[in-house]
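Biologist: Could you pick a single part of this molecule and take me through it closely, side chain by side chain? I would like to see how that part is put together.

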Amino acid sequence: MIAENRASSRVILWAFDEKLLIEQVECCREDAGGGADVEAAECLGGLALIAYWDGEQARAIESYGRQLEILERHYGEDHFELIYPKNRLAQIYAESGNHSKGEEILRESLEMAKAWFDEKERQRSRRRAAN
């Protein structure tokens, strides 16, 4: 499966092989670089998706939670890169019957998306005014 990381405009190939993804997460932990953290987060997102497809909601929630911790540490708490994993986590919570937690996370994600789009619109308006 191919997943596009729009923030860095690079394409990442994910072989949805659980053992390979776990090995990649472990290798990324050994590497001290900031880029390794993001790679580990991408692997955790893949593991979460595999767990979700296998019907293992608790494991999917754990993996998405760890992914979000890494991304928040790397990008900050309100970066747009957090929107997708938050949406997935909200969906899994809701499907597992924890609707209030799912709704809470989804509302956070929607607020982040709204703030991001509002900021992009302000930037476009400033560019138009400068021209």
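Modeller: Gladly; what follows is a close look at one helix and its partners.

First, a word on the model: it is predicted, so local features need pLDDT of at least 70 and side-chain atom pairs count only at pLDDT 80 or more, while totals for chains, interfaces and linings use all residues. Residues are numbered from 1 along each chain as its sequence is written, and side-chain values use heavy atoms, leaving out hydrogens and water.

The part I chose is helix 5, residues 99–130. Helices here are DSSP runs of H or I with at least four residues, numbered from the N terminus. The end C-alpha atoms of helix 5 are 46 Å apart, which agrees with the 46 Å expected for its 32 residues at 1.5 Å a residue; that expected span is 1.5 Å times one less than the number of residues.

Let's start with what is hidden. The buried residues of helix 5 are G102, I105, S109, M112 and A113, where buried means under 20% relative accessible area, exposed over 50% and partly exposed in between (1.4 Å probe, protein chains only). Helix 4 is included in what covers them.

Helix 4 also offers a charged partner. K86 forms a salt bridge with E108, with 2.8 Å between the closest N and O atoms; the term means a side-chain nitrogen of Lys or Arg within 4 Å of a carboxyl oxygen of Asp or Glu. K86 lies in helix 4 and E108 in helix 5, so this pair ties together parts that are 22 residues apart in sequence. K86 is buried at 8%, whereas E108 is partly exposed at 33%.

Next come the rings. F80 and W116 form a tilted aromatic pair, 5.0 Å centre to centre with 40 degrees between the planes. (Rings of Phe, Tyr and Trp, its six-membered ring, pair if their centres lie within 6.5 Å; planes under 30 degrees apart are stacked, over 60 edge-to-face, the rest tilted.) F80 lies in the loop between helix 3 and helix 4, so the pair ties together parts 36 residues apart in sequence. W116 also pairs edge-to-face with F117, at 4.9 Å and 75 degrees. Ring pairs thus join F80, W116 and F117 in a cluster, in which F117 is exposed at 51% and W116 partly exposed at 29%.

Further along, E121 forms salt bridges with R124 and with R128, each at 3.1 Å. E121 and R124 are three residues apart, about one helical turn. R128 is exposed, at 52%. Salt bridges also link E119, R122 and R126 in a network.

Definitions and conventions: Helix = DSSP H or I, 4+ residues; strand = E, 2+ residues; numbered from the N terminus. Contact = heavy atoms within 4.5 Å.
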